[in-house]
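User: I'd like to go through this model with you, one question at a time. Could you bring it up first?

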Amino acid sequence: MPDRFEEVVTLIVKHRVKAGFEVPYEAWLRHIVGVAGQSEGHLGVDVIHGKSSGLDMFTCVLRFCSTEAMQRWLDSPQRQALVDEATPMLADGDQTEVNPVNEFWFAPQTEAGSPPPRWKQAVVTLLVIPPHTLLVPLIWGPLLQLNTLLSNYIIATFLITLTIVLSVVYLFMPMATRLFAPWLSHSGPSR
């Protein structure tokens with residue numbers, strides 16, 4: 001299982017949709033998300049809808065198990081044909097960037113393209129991390145006591161930390177950033 005998470009990368013695709021093309025673009029987007037989901041090495045996708053310079057902006061975050069899997073999707077004839085189909089609907093073309101998975105937690109979603117203030121990032125992180133540090137050891141505790149090897153301080157700490165990191169990175173932090181997206185992108189005091 002650790003091999004699956006060894007080199008997770010995200011492909012970030014941004015599309016600013018021309019006025020009047022919102023409905024056909026959303027139909028196209030549903031189709032390409034389904035096609036991408038069948039691509040080998042694809043781990044999931046999140047779509048964030050916002051505004052940029054008065055136009056609808058869609059930011060798609062696609063996670064892949066490796067750079068090679070992501071590159072296969074980027075270079076695939078299927079993707080190229082679908083992007084060609086969408087190009088007339090896009091104000092700025094197909095914009096892509098690649099990041100390690102954890103760098104997108106607080107990626108820019110505002111028109112200015114800047115991440116939320118650090119204090120907001122800290123608040124959301126504090127809402128996710130402390131419950132994990134309290135609950136995960138309680139969940140693991142009884143299991144770790146069943147085996148002398150597992151109850152070793154280093155092994156127990158590693159298993160608890162691994163559980164926290166994987167659940168935060170792959171499940172809870174993406175959920176929290178989606179849940180708090182309006183608040184995170186609302187402009188307030190600067191960093």
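Here is a run of questions and answers on the chain's layout, packing and salt bridges.

Analyst: Some ground rules: this is a predicted model, where local features need pLDDT of at least 70, side-chain atom pairs count only at pLDDT 80 or more, and totals for chains, interfaces and linings use all residues. Residues are numbered from 1 along each chain as its sequence is written, and side-chain values use heavy atoms, with hydrogens and water left out.

User: In what order do the elements of the chain run from the N terminus on?

Analyst: Helices (H or I, at least four residues) and strands (E, at least two) are DSSP runs, numbered from the N terminus. There are 6 helices and 4 strands in the chain. Read from the N terminus, the order is β-α-β-β-α-α-β-α-α-α.

User: Are α1 and α3 roughly parallel or antiparallel to each other?

Analyst: Axes here are lines fitted to C-alpha atoms, for helices over the stretch in contact, and angles run from 0 to 180 degrees between N-to-C directions. Helix α1 (residues 22–37) packs against helix α3 (residues 77–86) at about 175°, and the axes are 11 Å apart. Angles under 35 degrees count as roughly parallel, over 145 as roughly antiparallel, 65 to 115 as roughly perpendicular and the rest as oblique. The pair is therefore roughly antiparallel.

User: Which residues of α3 make the contact with α1?

Analyst: Contact means heavy atoms within 4.5 Å. On the α1 side, W28, H31, I32 and V35 take part. Their partners on α3 are Q78, L82, V83, E85 and A86.

User: Which element gives the largest share of the largest nonpolar core?

Analyst: A nonpolar core is a set of buried Ala, Val, Leu, Ile, Met, Phe, Trp, Tyr and Cys residues joined through side-chain atoms within 4.5 Å; buried means under 20% relative accessible area, exposed over 50%, partly exposed in between (1.4 Å probe, protein chains only). This core has 22 residues, with L11, Y25, W28, L29, L62, F64 and W73 touching the most other members. Two or more residues come from each of β1, α1, β3, α2 (67–75) and α3. The largest share, 6 residues, is from α1.

User: How many residues are in the second, separate core?

Analyst: Among its members are A156, I160, I164 and A176. The count for this second core is 12 residues.

User: How many residues apart in sequence are the parts that D92 and R16 tie together?

Analyst: The side chains of D92 and R16 meet in a salt bridge, at 2.5 Å from N to O; the term covers a side-chain nitrogen of Lys or Arg within 4 Å of a carboxyl oxygen of Asp or Glu. D92 counts as partly exposed at 37% relative accessibility, while R16 counts as buried at 16%. D92 sits in the loop between α3 and β4 (95–100) and R16 in strand β1 (residues 9–17), so the parts tied together are apart in sequence by 76 residues.

User: Is D56, which forms a salt bridge with K51, buried or exposed?

Analyst: The closest N and O atoms of D56 and K51 are 2.6 Å apart. K51 counts as partly exposed, at 48% relative accessibility. D56 has a relative accessible area of 8%, so D56 is buried.

User: And what about D46 and R63: buried or exposed?

Analyst: Their side chains form a salt bridge, 2.9 Å from N to O. D46 is in strand β2 (residues 42–52) and R63 in strand β3 (residues 55–64), 17 residues apart. Both D46 and R63 are buried.
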